Amino acid sequence: MIRLAFVTAIGFSIIGCSGGDGAPSASQIQSDLDTSFGGYTTAAEQPNFGDADMLAIPKFDVTFASNVSAAGSSTPTQSYRVALLWGHFPAANADSDADTDAQSAAWTGTVSVDQGAVDVVRTLSFDDGDSIAPRDDPRAVSFVSHTLPFVDGLLLDVGVTGQDPKPMLHFATNELTTDVDLDAVAASAGSVVHASGDQGLAVVGWNESNETCPGGVAYGRWVKMKAGVGTLRARILSAGGEDRGYAEGIWGRAPQRDAEVFFAKSINPAGAFDSLVEGTYTDGALQGTMGNDVTQTGSFLGLYSDGHDMSDGRGVFVAKWMGTCSPI
């Protein structure tokens, strides 16, 4: 169904649905949540669904990409692809009309491993005043990032050497310091660590050493129209951060299903059908399957944060999608 991925999402100035003439009403969405695939079909669509706000979701940028080999170290025993998103990422609050006001923050610090190397594949929403410091240590990436009130992020390739039973990624900034268990993230929807107020760090990723089938990331807006109902829109990326297309969807509590569900449809950049997605969400985590209306071709796991449909960066989600090598 939908090829959602991680998201990484960060510092991005994501702008949600405008509630314009083409936007569904909350009551229409609640009705559609009880239909097959939320009413989405395998038909072709206009590029980016004909939705200008879809194009406002920022891209992961290669401007600050850096590859610093671990000179003199052994070949990594495990390799991970990791997306980090930080900034306005308050706890999920989908069932309430309440919201958390976004605050500005300056994130200065490093991402590092004890043994191995960290390569910057792409950055998200790094703009004026943001930077990746020149690198001479393959184990660490130093950066400066400002979030007001959006989110910024990094897409990383992490190679870990040594025999540590718990490979860790260290995130140390003036706003938040925490250690990320890479194996735990790879085996789950990811993790969110909340700092003071509305600030938080979201992490999704997978162990590339164990994956032979295609995978990637999806990130974008998780827009709350009112308590218990909303929409989503996303960019879909390959594991290397290249654009694969777009996704739009709906989420909420389906009355007849008596469950919190979401549905989405993804298309390639030209508008051709890619996948249908269906899944469930709760307490800031989401999971589901992707494919067409007959065959499952993959799955996805991710994270979402609460927000209203405003041009203030609220309502973020990020996920990883994992295709199967053959349809199920």
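Two rings of Phe, Tyr or Trp count as an aromatic pair if their centres lie within 6.5 Å. Keep that in mind as you look around, for this structure holds 16 aromatic pairs. What you have open is a predicted model.

**Stop 1: the whole chain**

Start with a cartoon view of everything. The protein chain has three helices and 19 strands. Colour by burial if your viewer can do it: buried residues make up 53% of the 328 residues. The accessible surface comes to about 12700 Å², and 48% of that belongs to carbon and sulfur atoms. Among contacts with a separation of 6 or more, 71% are between residues 24 or more positions apart.

**Stop 2: Phe60 and Tyr219**

Now select Phe60 and Tyr219 and show their side chains. How are the two rings of Phe60 and Tyr219 placed, with their planes at what angle? The ring centres are 5.0 Å apart and the planes stand at 90 degrees, so this pair is edge-to-face. Trace the backbone away from each ring: Phe60 belongs to strand S1 (residues 60-61), while Tyr219 sits in strand S12 (residues 215-226). The pair therefore ties together parts that are 159 residues apart in sequence. Phe60 is buried at 4% relative accessible area, and Tyr219 is buried at 0%.

**Stop 3: Trp222 and Tyr304**

Stay on strand S12 and select Trp222, then add Tyr304 from strand S18 (residues 296-304). This aromatic pair is stacked, with 4.6 Å from centre to centre and 25 degrees between the planes. Here, too, distant parts of the chain are linked, as the partners are 82 residues apart. Trp222 is buried, with a relative accessible area of 1%; Tyr304 is buried as well, at 4%.

Next, widen the selection to Trp222, Trp251, Phe262, Tyr281, Phe300, Tyr304 and Phe317. Together these residues form one aromatic cluster.

**Stop 4: Lys265 and Glu45**

Time to turn from rings to charges. Side chains of opposite charge can pair when their charged atoms come close. A search of the whole structure finds 11 salt bridges.

Select Lys265 and Glu45, whose side chains meet in one of them, at 2.7 Å from N to O. Lys265 lies in strand S15 (residues 259-267), and Glu45 in the loop between helix H1 (26-32) and helix H2 (52-55), so the bridge ties together parts that are 220 residues apart in sequence. Is each partner buried or exposed? Lys265 counts as buried, at 0% relative accessibility, whereas Glu45 is partly exposed, at 32%.

**Stop 5: Asp51 and Arg233**

Remain in the loop between H1 and H2 and pick Asp51, then add Arg233 in strand S13 (residues 229-238). Their side chains meet in a salt bridge of 2.5 Å, N to O. The two residues are 182 residues apart, and the pair links distant parts of the chain. Asp51 and Arg233 are buried.

**Stop 6: Arg235, Asp243 and Lys59**

For the last stop, select Arg235 and Asp243. They form a salt bridge whose closest N and O atoms are 3.8 Å apart. Arg235 is buried, with a relative accessible area of 3%, while Asp243 is partly exposed at 36%. Which residues are joined into one network by salt bridges that share partners? Add Lys59 to your selection to see them: Lys59, Arg235 and Asp243.

Key:
Residues numbered from 1 in each chain as written. Predicted model: local features only at pLDDT ≥ 70, side-chain atom pairs only at ≥ 80, totals over all residues. Heavy atoms only, no water. Phe/Tyr/Trp six-rings, centres within 6.5 Å; stacked < 30°, edge-to-face > 60°. Helix = DSSP H or I, 4+ residues; strand = E, 2+ residues; numbered from the N terminus. Buried < 20%, exposed > 50% of the residue type's maximum accessible area, 1.4 Å probe, protein only. Contact = heavy atoms within 4.5 Å. Areas by Shrake-Rupley, 256 points an atom, 1.4 Å probe, with all protein chains shown as cover. Salt bridge = Lys/Arg side-chain N within 4 Å of Asp/Glu carboxyl O.
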